[in-house]
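Me: I would like to learn how to read the features of a structure that is new to me. Could you take me through them slowly, giving the general idea before each case?

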There are 2 protein chains.
Amino acid sequence: MIRIAIDCMGGDIGLPVTIPASIEFARRFPDARLLLVGLPDAIEKALAGSRDVPRDRLEILPASEVVTMDDSVEVALRRKKDSSMRIAAQAVKDGRADACVSAGNTGAWMAISRYVLKTLDGIDRPAIATSIPNQKGKSTTVLDLGANVDCSAEHLLQFAIMGTALAQALDHCERPSVGLLNIGEEVIKGNEVVKEAAELLRASRLNFHGNVEGNDIFKGTVDVVVCDGFVGNVVLKSIEGLARMLSSIIREEFKRNPITLLAGAIASPVLNRLRKRVDNRRYNGAALLGLRGVVIKSHGSADSYAFGFALQRAREAVASKLLERTNQSMAQIRQQGIPTNTYTNDAAITLPRAAGDSA
Amino acid sequence: MIRIAIDCMGGDIGLPVTIPASIEFARRFPDARLLLVGLPDAIEKALAGSRDVPRDRLEILPASEVVTMDDSVEVALRRKKDSSMRIAAQAVKDGRADACVSAGNTGAWMAISRYVLKTLDGIDRPAIATSIPNQKGKSTTVLDLGANVDCSAEHLLQFAIMGTALAQALDHCERPSVGLLNIGEEVIKGNEVVKEAAELLRASRLNFHGNVEGNDIFKGTVDVVVCDGFVGNVVLKSIEGLARMLSSIIREEFKRNPITLLAGAIASPVLNRLRKRVDNRRYNGAALLGLRGVVIKSHGSADSYAFGFALQRAREAVASKLLERTNQSMAQIRQQGIPTNTYTNDAAITLPRAAGDSA
C-alpha cells in the first residue's frame, strides 16, 4: 500500500480538480490509499457527485482552514495551523501517509512542509525540482527552481545529490549524469560559486558531466541540471512564456481565414499529436526535495488530468524509495570527506520567526 | 553618410556570408559607406564574383590576421594585433567609421572593442543586449546576456540606462519601460543585489515598471528587461534550445508518413507564415553597449540574410544617435545624485594584463 495525503483545497480550482483526480487515481492504482485532507463537508459533497468511488481506499482527514494562493508564508505558517496543507504534511510526519501533494501556493507549501517535516541529514535547504521534456524523448530534471536565491557551492552540491536521487527514482536512470548550469563562450565562464561547485562535484562520486548551457536542458545532454533558484525560476518561467507565445501564434495563423482554417482541419491529426507531445500537463508535479518525506507540488492551475500526474509522481517517488536514495548518496559523499554543508549550526536553517512564537 | 566597419573574416562562415550581405546592404541603403576589413586579396576575390557592386561605397581596409572562433581573449587581444576585429574597432576609434560589426567570437569581440574604444562616462562594464520578439508583435530588449556574471546593483542600473537608450534608438520607443528580472511567487523574492537595484531604479528618472518574471519577456510587459549576464545568458540559450526542439518536433510530425506529408503540403502557406513570424534571423545583431562607439555582434552562424539585419541595426543605432542618448540619460541620472558607479578607480575596469604588456 502506498498512502498519499492530498491537500484537496489547494490550487486555483481546488475540489473540482483534486477530487475527480483522486478518484481516478485510486481506481487506477489499487495499491494506493488516499487521505483526502480538507473541509470534510465539502469533500463529502464532492465525492457524492461521483459514481464508482473506491471509498475503502479514500479516507477524509479533516482540516478546518485553507491556505489561499495569496496568503503570505507568515499567515500560512502561523495563523492557519489547521490548514489542509499543514494537516497533509503532518500526516506524513506522523507516519499516516508516505507522501503529500498540494496544488496550493508554492511558498506556503515549501514553508509548511519544511517546518513540519524538517530537512534530511546534510541538507541545509530544500529545493524544488521538475522534469522538462527533452529532444531525446526523455526528460531532464532541473533544480532548484526558486526555493533558494543565494546559493553556496555546497548548496549546489546538495541539489546535485537530491536531483540524482530523484532521477533514479522517477526516471529509473541508474547513474544519472549531472550538469552544472553555466554560461558559455562569453567573456567570463561562470561566477565564483559555480566554479567552486564544479570542484566539489568533480571530487564527488556523482556522475558529474561538467558545465552545461541553457540549451542543454532541451538537448538532453545530461539527466540532471543544477542551478541556483533564481536562475532556475527565471529559466522555467521564460520557457513557459515562449511555449505559450508560440502556441498562441500557431493558433492565430491557423485561424486567420477560411482557407487556413481548412488547412488546420486537414492537418489536425498532426497538430493533435504535436500538442500531445508537448503537453506539459504530463510533466506536472514538482518535487520539494531534501525533506523527511515525499512532498509534491502540483501547478496551481492544473486540471484533474494534470493533477493525476502529480499524484503519480508522489506514488513513484515512494515506490522507488526516493528518501533512502537521497540519504545513501549523501552518506557516501560525506564518507568521501567532501563538505556538503554550509551551516554547522542547525539554528541557521530554521525559518525565521518571532521570539516566543511556537508556529 | 553612415560609415560601418565590417569584420569580413569573422563568424562560422566568414566571407561567403559577410561580402554578399555587405553588397546587398550597400545597394539597399545609398547613405551607407562600408569599410570591408580583412585579408585584402580574399575580399577582392569575393567581391569579384558579384555583379552590380557599388564599389564607390565599399572600401577595403586591410588586416593581416583573423581571430578564430576558438581563440582565447588573451590570444585575440595580445597576439593578433592586426586582426580584422581589431582594425574594425580601430576604424571607429579613429573616426573613420561610425559603427563596427563582427560575427566572430563574442568574448574576443567584447574584449577588443572594449580595449580599443573604452567605456562611456559612468559605465563600469559594457553589456550585451538583444531584441526578443514578444506576443505584442514588438520586441523586448534584454540585457546583459553574458558579458558580466557578477553584477552589483549599480551595474544593473547602468544596464537599464543603456537598454533604455537602445530601445529608444532601435525600436523608437520614446520612454521605454524597464523591468528588473526577478523570481515570482516563490519563497524569497529576489536576491540582495536585485532588491538594491530596484531601489536605485525607482529613484531614477527611468520609466521603471518594477520586477518582472521570465514569461514577461514574451508577454511584452516592458520594453527593456534587465538582469545580470549569467541569468541573461542562460535564459537566452534556454529559449534558443526550446525553439530548436519545438521546430524539430514539428518537422518530425509532418514527415511521419505520406498522409502527414500531404497535410504538411496543404498547410504549407500557414507553416511558412509561421516560420517567417518566428524567424530569429530578423532579430540578429546584439549590441555591445556602453562603449565609445556603436559595436554590433552578429550570431556566429548567421547567413547573409541574418547578417544584413545586424548591419541594419548598426546603421539604425548610428542614425538614431544611440551614444548621445546613452550619455544624456547617464548625465541626467548622475545629476539626480543617484550612484551609478561601483568603481571609483578607473584602473579596476581595464582588462587584467601582465605587467609591462602594452596589449
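Reply: What follows is a tour of the chains, the sheets, the packed helices and the backbone.
This is a predicted model, in which local features need pLDDT of at least 70 and side-chain atom pairs count only at pLDDT 80 or more, while totals for chains, interfaces and linings use all residues. Residues are numbered from 1 along each chain as its sequence is written, chains are lettered from A and ligands numbered from 1 in the order in which they are written, and side-chain values use heavy atoms, with hydrogens and water left out.

Me: By what turn and what shift can chain B be laid on chain A?

Reply: In general, two copies of a chain are related by a rotation about an axis and a shift along it. Here a turn of 180 degrees, with a shift of 0.0 Å along the axis, lays chain B on chain A with an RMSD of 0.0 Å, the superposition being by least squares on the C-alpha atoms of residues with pLDDT of at least 70 in both. That is the relation of a two-fold axis. The same surface serves both copies, since 100% of the contact residues of chain B recur in chain A, where contact means heavy atoms within 4.5 Å.

Me: What is the order of the strands in the sheet of chain A?

Reply: Strands of a sheet pair through backbone hydrogen bonds, either parallel or antiparallel. Chain A has an open sheet of eleven strands with mixed pairing, in the order β3-β2-β1-β4-β11-β10-β5-β6-β9-β7-β8; helices (H or I, at least four residues) and strands (E, at least two) are DSSP runs numbered from the N terminus, and two strands pair if DSSP finds at least two bridges between them. The edge strands of chain A are β3 (58-62) and β8 (207-212), each of which pairs on one side only. From one strand to the next the twist averages 25 degrees, with axes taken as lines fitted to C-alpha atoms, for helices over the stretch in contact, and angles running from 0 to 180 degrees between N-to-C directions.

Me: Which way do β6 and β9 of chain A run, parallel or antiparallel?

Reply: Strand β6 (residues 139-143) and strand β9 (residues 224-226) of chain A run parallel and are joined by three bridges, and the bridge partner of A:Leu143 in β9(A) is A:Val226. In chain B, by contrast, strand β5 (residues 127-133) and strand β6 (residues 139-143) run antiparallel, with five bridges between them, and B:Ile132 has B:Thr140 as its bridge partner in β6(B).

Me: At what angle do α9 of chain A and α11 of chain B pack?

Reply: Two packed helices are described by the angle between their axes and the distance between the axes. Helix α9 (residues 229-254) of chain A packs against helix α11 (residues 268-277) of chain B at an angle of about 140 degrees, with their axes 10 Å apart. That makes α9(A) oblique to α11(B), for angles under 35 degrees count as roughly parallel, over 145 as roughly antiparallel, 65 to 115 as roughly perpendicular and the rest as oblique. Residues that meet there include A:Ile249 and A:Phe254 in α9(A) and B:Val270 and B:Leu274 in α11(B). The residues of this contact divide into six nonpolar, no polar and four charged, where Ala, Val, Leu, Ile, Met, Phe, Trp, Tyr, Cys and Pro count as nonpolar, Asp, Glu, Lys and Arg as charged, and the others, Gly among them, as polar.

Me: How do the axes of α10 and α11 of chain A cross, and at roughly what angle?

Reply: The axes of helix α10 (residues 258-266) and helix α11 (residues 268-277) of chain A come within 4 Å and cross at roughly 70 degrees. That makes α10(A) roughly perpendicular to α11(A). The contact is made by A:Gly264, A:Ala265 and A:Ile266 of α10(A) together with A:Ser268, A:Pro269 and A:Leu271 of α11(A).

Me: Which peptide bond of chain A is cis, and where does A:Lys118 lie?

Reply: Most residues other than glycine have a negative phi, and most peptide bonds are trans. The peptide bond from A:Leu143 to A:Asp144 is cis, with omega near 0 degrees, and A:Asp144 lies in the loop between β6 and α6 (153-171) of chain A. In chain B, a cis peptide bond joins B:Leu143 and B:Asp144. A:Lys118, although not a glycine, has a positive phi of about 70 degrees, and A:Lys118 is found in the loop between α5 (106-117) and β5 (127-133) of chain A.
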